[in-house]
Amino acid sequence: MPNDFLGHLRNALSDIEGEGLYKRERLIAGAQGGRIELQSAGGNRQVINLCANNYLGLANHPEILAAAKAGLDTFGFGMASVRFICGAQTLHRELEQRIARYLNKDDAILFAACFDANGGIFEPLFGPEDAIISDSLNHASIIDGVRLSKARRYRFANGDMDELEDVLKLAEREGARFKIIVTDGVFSMDGYVANLAAICDLAGRYGALVMVDDCHATGHLGPQGRGTPALTGAGGRVDIVTGTFGKSLGGAMGGFVAAAQPIIDVLRQRSRPYLFSNSLAPAVAAGSLKAIDIAEAADDRRALLASHTVRFRNGLAEAGFELLPGETPIIPVMLHDARRAQDMARELDARGVYVAGFFYPVVPAGKARIRTQMSAALTDADVTLAIDAFKDAGRTLRLIQ
Ligand SMILES: *Cc1c(COP(=O)(O)O)cnc(C)c1O
């Protein structure tokens, strides 16, 4: 190794530290839930967890654990192969058909993660003659996936339907063969829901396909948790849905694309993260299957989640915190400055509330925040404690009166 290489990296790390942007990982000594055991110097301590994507509280659900254990017993620990070489297990096919049925699509295809689904979807489906039109706040995996394709790239400002229309016209003028509009269903940093009705109207008018990455919605938003297409009434006009088993649907891991049959069939032939990566672990596939069954029927959990969301949002707004508006369980508390967000996270931690400060490059510079997320795993008392901790911490830092 050239002897200046590690020194070069150390300099980069101290720059990150100097800008207040260094991310430190905390250690959890147990299962995910509304309350978790944090490892800390003086021994483990319990905190209220406001930063998991465990919206329905299924991450440690006993029936999902039992299904995963049964999957382990029947199908073993791992497949040790990619599917086109050694085949899939019946369990994998069952999960594909189940998620497709849940989302009302012909079929689905599994990936190791939604990051891979988004990374592997564009290159096989779209060529240099085609146009991919992407919302400016789309998830990093979409940005990377678009970069890996040879299609022409267009962007519109987050949720700006006028600009989307301009871009559709531009792509048409520039002779695009096929056009696809790509958006997150819920923008994870802000909690905004995409305007799918307007997007689908424009898509219809300009002959474009629509793809929605519904990672932060599948399982908990919309009727039966069928996500933003169901929530917004756009439904069948959304052509492609990508999503994850790593959030609401049990929180383990695994991604998917659900769409019309020829789309799925081409991905199975050509999508690189599918072709050249191992199958989902059987226990994960079996647990995720159970998670879909539970999520579909979980109106009680969705109601609790909605009630926590309203109460927490109102509690913080009344206390004088600046929130981004919205209705999803993602409630960003805006602090703008990276260091202030970290100070606030530390003060909340001292009060037994576990949050994460988000700052550049995860969100734009000057838009640092604490992104809180509600969960059906939280009790009413947990939510009350969390509101009180925010007020107390906010006063200590003189952010509110
Ligand atoms: C979490 C997330 C992903 C990545 O999902 P994984 O399955 O964890 O890789 C992709 N897109 C969006 C919008 C996400 O929120």
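**Ligand shell and helix packing**

User: What classes make up the shell around the ligand?
Analyst: By class, four residues are nonpolar, five polar and three charged. Here Ala, Val, Leu, Ile, Met, Phe, Trp, Tyr, Cys and Pro count as nonpolar, Asp, Glu, Lys and Arg as charged, and the others, Gly among them, as polar.

User: What sort of model is this, and how are residues numbered?
Analyst: It is a predicted model: local features need pLDDT of at least 70, side-chain atom pairs count only at pLDDT 80 or more, and totals for chains, interfaces and linings use all residues. Residues are numbered from 1 along each chain as its sequence is written, and side-chain values use heavy atoms, with hydrogens and water left out.

User: Which residues surround the ligand?
Analyst: Ala113, Cys114, Phe115, Asn118, His139, Ser141, Asp184, Asp213, Cys215, His216, Thr244 and Lys247. A residue is near the ligand if one of its heavy atoms lies within 4 Å of it.

User: Which element gives the largest share of that shell?
Analyst: Helix α5, residues 114-119, with three residues. Helices are DSSP runs (H or I, at least four residues), strands likewise (E, at least two), numbered from the N terminus.

User: What polar contacts does Thr244 make with the ligand?
Analyst: An N or O atom in the Thr244 side chain is 2.7 Å from a ligand oxygen. A polar contact here is a pair of N or O atoms within 3.5 Å; within protein, one must be able to donate a hydrogen and the other to accept it, and residues adjacent in sequence count only if both atoms are side-chain atoms.

User: And Cys114 and His216?
Analyst: Cys114 uses a polar backbone atom, 2.8 Å from a ligand oxygen. His216 uses a polar side-chain atom, at 3.0 Å from a ligand oxygen.

User: How much of the ligand does the protein cover?
Analyst: 83% of the 380 Å² of accessible area that the ligand has on its own. Areas come from Shrake-Rupley with a 1.4 Å probe; for residues, only the protein chains shown count as cover.

User: New topic. Where is the cis peptide bond?
Analyst: Between Tyr360 and Pro361, with omega about 10°. Pro361 sits in the loop between β14 (357-358) and β15 (368-373).

User: Which residue has a positive phi without being a glycine?
Analyst: Asn104, at about 60°. Asn104 is in the loop between α4 (90-102) and β3 (107-111).
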